[in-house]
Amino acid sequence: MSDNTTAEQFDVIVIGSGPAGYVAAIRCAQLDMKVACIEKMKDRDGKNTLGGTCLNVGCIPSKSLLDSSYKYHEAAEQLSIHGIETKGVKIDVKKMIERKDGIVKQLTSGIGQLFKANGVTHIEGTAKLLAQKVVEVTNNDGAVTSYQAENVIIATGSTSIDIPVAQIDNKYIVDSTGALEFSTVPKRLGIIGAGVIGLELGSVWSRLGSEVVLLEAQDRFLAMMDQQISKDALKIFNKQGLDIRLGCRVTGSEVKNKKVEVQFQDGDGNEQSETFDKLIVCVGRKAYTENLLAPDCGVNIDERGCIYVNDLCMTDAPGIYAVGDVVRGPMLAHKGSEEGVMVAERIAGQQTVLNYDIIPNVIYTHPEIASVGQTEEQIKADGEPYNVGMFPFVASGRALAANDTDGLVKIIAHGETDRILGCHIIGPSAADLVQQVAIAMEFGSSAEDLGMIVFGHPTLSEAVHEAALSVHNHAIHKANRRKRK
Ligand code: FAD
Ligand code: NAD
């Protein structure tokens, strides 16, 4: 045990350097606080690294592989329509993975530089929160040092959920981290869970030539999304060759002859088995609080295993906050970062709040799926009157020019006030398009307001404009079915 009476003091100690923690630490430093950020993560070479799941094994490496694999797919399958001949296109998986690793390194070391530039003290090791806001850190050599702070921000993130019927062996059965590291393209790839990770990483390996089968427990595909969009998505992904099987209950798995056999009950209750070269288990993530909280630290855990916080990310213990994946709400990097900013500014005495109703959500498949605000099903369940406007990308000149016409933009507005309640897009650049509507929603825009804004031509954004016009049945570049107001 270390001696707490001589513990170094900070205004703020942040535990965890993912997008929630490092952003909180930098914002605290900008607000003239003395800040330390404690991080235990090591990279594959055993070196300490910053940036958490997002930069090391999440958002960034997955998008790097999504971009590489899409370029390969375009070159191999899609360029001939433009008159470009690309015979003999090959993928060098090793080089693709090395490129991804290089991007990770560049960004994670960038966080170290940002810490230096802002005066954030980086402490390497595993933190434990004791009573009286004392944080005990065990470093790589097992040495223990204590620090004390006026305020503590917990940002310890999340980890993959394991299932006993398919235990990770990191060789044949992997989680999302293992699926970012395959050294060859698996001939047959099984995926348990057709959620965000299953679809993104399934798309990567399918584009490179894997035969991909996704076994999903729920009967409905992407059940949390607007159902019109998820129905369209299912059709598009099936057309791309992703074999998505709904209502499947995996009952066991076995590694035999360098392959994985998976037993499951299909949607009709029939016993089935499939054999794969690799199996990815991606059935969700859970808050990470292992060995973090001493019993008398004052912080409580909710019924889902997340650290309990209120809307301002305050825990039950005064001066202790928690942000990011370790607390309730969607597990998204940008949600955690904005919570980090809110908490830093609140500690500095500002009145910052976060609008949890307007957090965009994106699945980076091709086409992308992006949404913000409420789905039509949620609005209907609330009993609110509403109008829907839609515009298909097949009617967009720019989408046609790019040979990228799958999908549509859907905007839902309140039936009386016309205020935009939600936007759901499947289509090219959906991630960037939905942000335009998120900005409009943050300013309380009506569908009519959005329809009155001038959009450049020819752009994919025009589909957003037309969907807004379509709410009142005066889209120009499609037939309007209902009576105009
Ligand atoms: P994390 O990023 O998990 O960081 C927590 C950090 O705390 C870790 O570095 C951990 O080592 C450290 N830590 C934990 N306990 C301790 C301790 N006791 N002492 C010291 N350090 C500790 N989100 C998106 O918004 N967009 C995407 O495209 C996207 N893609 C993803 C792809 C994949 C494959 C995965 C797995 C996730 C993806 N996510 C994406 C989710 C995103 O990565 C998380 O929402 C985000 O990283 C959460 O940030 P965080 O700071 O809360 O936690
Ligand atoms: P998810 O919740 O998106 O999907 C998990 C899927 O697995 C669900 O459809 C669920 O019904 C299914 N499932 C659960 N148990 C099962 C079982 N035993 N058998 C078969 N299917 C089962 O979770 P994920 O894909 O693991 O991703 C975790 C989280 O990471 C996401 O919720 C998201 O917050 C974050 N993430 C975000 C992005 C992004 O923003 N683009 C990308 C990747 C991950």
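In this predicted model, five strands make an open sheet, running β8-β15-β9-β10-β11 with parallel pairing. The two edge positions belong to β8 (173-174) and β11 (243-245); each has a single partner strand, so one side of each is left without a neighbour in the sheet. If you would like to trace the pairing at one of these edges, start with β8, which joins strand β15 (residues 278-281) in the parallel sense through 2 bridges. I173 has L279 of β15 as its bridge partner. Helix α6 packs on the sheet, where it touches β9 (188-192), β10 (211-215), β11 and β15. The direction of α6 makes about 165° with that of β10.

Helix α6 is also a good place to turn to the ligands. Spanning residues 196-207, α6 gives the shell around ligand 2 its largest share, 3 residues. That shell counts 18 residues, of which I197, E200, E216, M331 and V362 come nearest. By class, the shell around ligand 2 holds 11 nonpolar, 4 polar and 3 charged residues.

Now to ligand 1. Its surroundings comprise 38 residues, and those that come nearest are E39, T53, K63, A127 and D325. Sorted by class, the shell around ligand 1 has 17 nonpolar, 16 polar and 5 charged residues. Helix α2 supplies the largest share of this shell, with 4 residues.

Here are the polar contacts of both ligands, side by side.

| Ligand atom | Protein partner | Distance |
|---|---|---|
| Ligand 1, nitrogen | K40, polar backbone atom | 3.4 Å |
| Ligand 1, oxygen | M331, polar backbone atom | 3.3 Å |
| Ligand 1, oxygen | L332, backbone N or O atom | 3.3 Å |
| Ligand 2, nitrogen | A217, backbone N or O atom | 3.1 Å |
| Ligand 2, oxygen | Q218, polar side-chain atom | 3.4 Å |
| Ligand 2, nitrogen | V362, polar backbone atom | 2.7 Å |

How much of each ligand does the protein cover? For ligand 2, the accessible area on its own is 840 Å², and the protein covers 74% of it. Ligand 1 exposes 1,000 Å² when taken alone, and 94% of that is buried by the protein. Several elements give two or more residues to the shell around ligand 1: α1 (19-30), β2 (35-39), α2 (52-57), α3 (59-78), β4 (126-129) and α8 (333-347).

One residue is worth a second look as you turn the model. M331 is among the residues that come nearest to ligand 2, and a polar backbone atom of M331 lies 3.3 Å from an oxygen atom of ligand 1.

Notes
Residues numbered from 1 in each chain as written. Chains lettered and ligands numbered in written order. Predicted model: local features only at pLDDT ≥ 70, side-chain atom pairs only at ≥ 80, totals over all residues. Heavy atoms only, no water. Near = heavy atom within 4 Å. Polar contact = N/O pair within 3.5 Å; in protein donor to acceptor, adjacent residues only side chain to side chain. Areas by Shrake-Rupley, 256 points an atom, 1.4 Å probe, with all protein chains shown as cover. Nonpolar A, V, L, I, M, F, W, Y, C, P; charged D, E, K, R; others polar. Pairing = 2+ DSSP bridges. Contact = heavy atoms within 4.5 Å. Axes fitted to C-alpha atoms, helices over the stretch in contact; angles between N-to-C directions.
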